[in-house]
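Fancy working through a structure by hand, one bite at a time? Grab your viewer, try each task, then check the solution below it.

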Amino acid sequence: MVIGGGGREHAIIDKLLESPKVQRVYWADTKVKKVPDKVEMTIIDSLDFPALGDFAEENGVDFTIVGPELPLTEGIVDYFLNRGLLIFGPDKRGAMLEGSKTFAKGLMLKYGVPTGKHVEIKDLAHGKEIIENWGTPIVFKLDGLAGGKGVVIPQSPEEAYNELEELIRKNPQQKIFAEEYLQGEEISYMVLVSKNSYLPLVPSRDYKRVYDGNKGSNTGGMGSVAYKGLISKEEKEYIEREIIQKTLKGLDNEGIQFTGILYAGLMMTNEGPKVLEFNTRFGDPEAQSILQLIQGDLAELLYGACQGNLPEELPFKDGTALTLVLASEGYPGEYKTGYEIKGIDEVSCKVFQGGTEYRDGKILTAGGRVLNLTVVEDDVDKCREILYKEGQKITFLGKYFRTDIGL
């Protein structure tokens with residue numbers, strides 16, 4: 001069973017279906033999707049743990065994979081394990097790395113993981129003092145989960161005052177942090193972890209801003225690129241030694257046995273890679289690219305990780321994977337849904353359903369990030385040529401996408 005209704009979960013299912021050992025996949029979501037053979041939709045909310053557990057038991061589910069962050073931070077893994085059900089993902093304490101900036105920053109500081117300076121903002125007056133002392137650009141973050149949209153980066157003092165005032169007004173019960181603005185290129189570095197042992201995945205980059213040239217509001221991600229040479233051998237060694245290994249050792253020292261995906265969102269600064277944030281699941285839309293490059297059997301790999309069994313290495317294809325998100329106009333703000341999507345059957349690349357619903361024989365828009373198109377080719381230019389050509393074949397009212405994914 002795969003829990004969660006986005007493009008990431010569809011990409012996981014697509015990869016699972018390559019395994020000869022997979023007889024059936026149940027896709028647990030709140031909306032019906034158009035699915036291939038061997039896949040069956042089950043309409044269960046990702047936070048209804050008893051219903052999900054009952055379904056797994058009643059239908060002989062051998063193994064469950066959790067896609068989104070919220071069920072993990074709410075303790076679905078603890079619940080399933082207590083019922084004797086095998087599930088892939090960290091327990092509630094491990095998921096705090098993503099669910100609590102306070103916990104994550106505290107762990108990084110305690111175990112010497114490189115990251116930017118940060119401070120909790122007590123109130124608006126305290127925030128203004130920080131803005132005056134630190135200058136701009138400055139980063140403001142909500143403490144809890146925000147679907148990739150809980151970060152603002154004001155460029156001027158006036159903008160910073162206004163943004164902070166708005167954040168405090170809209171989130172009166174949530175902690176808000178000021179963080180040092182780190183300059184450089186962002187990289188997503190994920191590793192597959194089994195009881196604190198790990199295997200690195202291919203490095204990737206997520207395009208978070210809504211408009212071309214990395215402008216506009218933060219989104220859940222407008223596209224991604226992944227290939228082995230995205231970072232140098234020296235950078236990879238540094239990331240694993242100073243960030244991944246120290247973090248896993250810190251978790252171990254705190255009595256947390258982590259199994260799942262540890263995702264380090266990094267800024268490649270002049271002083272070396274520094275952690276912007278941790279996630280505790282496959283990134284979305286990075287997974288759509290990364291999974292296409294894995295040469296092994298994903299079902300066997302994740303099932304083995306749950307049982308404390310990892311292979312010595314994980315082989316990847318040499319090419320480049322690129323993912324383009326087709327979104328609803330207005331996202332990440334207000335947008336309309338319910339529009340028919342046409343042309344999916346005409347494209348030659350992979351198409352993963354995110355914000356969609358299958359109703360009366362039609363696929364309709366039902367979210368902000370509607371579809372993910374993914375292709376693997378020799379290089380980024382070839383990927384871009386194919387993706388943007390194929391993307392034109394798919395139509396729906398209000399279709400929006402960035403034109404610079406991969407650049």
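The exercises below go through a predicted model.

**Exercise 1. Work out which residues of helix 7 are buried, and where around the axis they sit.**

Step 1: Find the helix. Helix 7 covers residues 124-134, and its buried residues are His126, Gly127, Ile130 and Ile131.

Step 2: Look down the axis. Those four span an arc of only 140°, which puts them on the same side of helix 7. The background here is that an α-helix has 3.6 residues a turn, so residues three or four places apart point the same way.

Step 3: Flip to the other face. Turned away from the buried side, you'll find the exposed residues Ala125, Glu132 and Asn133.

Step 4: Ask what does the covering. The elements over the buried residues of helix 7 include strand 6 (118-120), strand 7 (139-142), helix 8 (157-170) and strand 9 (176-179).

Step 5: Zoom in on one residue. His126 has a relative accessible area of 14% and counts as buried, because the cut-off is under 20%. Skipping neighbours within four places in sequence, His126 is in contact with Val119, Glu120 and Ile121.

**Exercise 2. Describe what happens at the two ends of helix 7.**

Step 1: Start at the N-terminal end. Asp123 is the cap there, with a side-chain oxygen 3.2 Å from the backbone nitrogen of Ala125.

Step 2: Go to the other end. Gly135 comes just after helix 7 and has a positive phi of about 80°.

**Exercise 3. In what order do the strands of the open sheet with strand 6 and strand 9 run, and which helices pack on it?**

Step 1: Lay out the strands. There are four, in the order 6-9-7-8, with antiparallel pairing.

Step 2: Pick out the edges. Strand 6 and strand 8 (151-152) each pair on one side only, which makes them the edge strands.

Step 3: Check one pairing in detail. Strand 6 and strand 9 run antiparallel and are joined by three bridges. Within that pair, Val119 has Ala178 of strand 9 as its bridge partner.

Step 4: Add helix 6 (residues 101-111). Helix 6 packs on the sheet and touches strand 6, strand 7 and strand 9, with its direction at about 40° to that of strand 9.

Step 5: Add helix 8. Helix 8 lies across strand 7, strand 8 and strand 9, and runs at about 5° to strand 7.

**Exercise 4. Characterise the hairpin of strand 20 and strand 21, then place Tyr339 relative to Glu357.**

Step 1: Identify the pair. Strand 20 (residues 356-359) and strand 21 (residues 362-365) are antiparallel, with four bridges between them. Glu357 stands opposite Leu364 in strand 21.

Step 2: Inspect the turn. Two residues separate the strands, and Asp360 in the turn has a positive phi of about 55°.

Step 3: Bring in Tyr339. Tyr339 sits in the loop between strand 18 (320-328) and strand 19 (350-353), and with a relative accessible area of 24% Tyr339 is partly exposed.

Step 4: Relate the two regions. The C-alpha atoms of Tyr339 and Glu357 are 10.0 Å apart, with the residues 18 places apart along the chain. Beyond sequence neighbours within four places, Tyr339 contacts Ile363, Leu364, Thr365 and Leu397.

**Exercise 5. Find the largest nonpolar core and say which element gives the most to it.**

Step 1: Size it up. The largest nonpolar core has 37 residues, and Phe88 and Phe282 have the most contacts inside it.

Step 2: List contributors. Among the elements that each supply at least two residues are helix 1 (7-16), strand 10 (185-194), strand 16 (260-269) and helix 10 (286-293). The top contributor is helix 11, with six residues.

Step 3: Follow Phe282 outward. Leaving out neighbours within four places in sequence, its contacts include Ile12, Met190, Ile261, Leu291 and Leu302, along with Arg8.

Step 4: Don't stop at one core. A second, separate core has 28 residues, including Val225, Cys349, Phe401 and Ile405.

**Exercise 6. Is Glu240 buried or exposed, and which side chains make polar contacts with it?**

Step 1: Locate it. Glu240 is in helix 9 (residues 233-253).

Step 2: Check accessibility. At a relative accessible area of 12%, Glu240 is buried.

Step 3: Look for polar partners. The side chain of Glu240 makes a polar contact of 2.5 Å with that of Tyr189, and another of 2.9 Å with the side chain of Tyr198.

Step 4: Complete the surroundings. Not counting residues up to four places away in sequence, Glu240 touches Tyr189, Tyr198, Pro200 and Gln245.

How values were computed
Residues numbered from 1 in each chain as written. Predicted model: local features only at pLDDT ≥ 70, side-chain atom pairs only at ≥ 80, totals over all residues. Heavy atoms only, no water. Buried < 20%, exposed > 50% of the residue type's maximum accessible area, 1.4 Å probe, protein only. Arc of directions from axis to C-beta. Contact = heavy atoms within 4.5 Å. Polar contact = N/O pair within 3.5 Å; in protein donor to acceptor, adjacent residues only side chain to side chain. Pairing = 2+ DSSP bridges. Axes fitted to C-alpha atoms, helices over the stretch in contact; angles between N-to-C directions. Core = buried A, V, L, I, M, F, W, Y, C linked by side-chain atoms within 4.5 Å.
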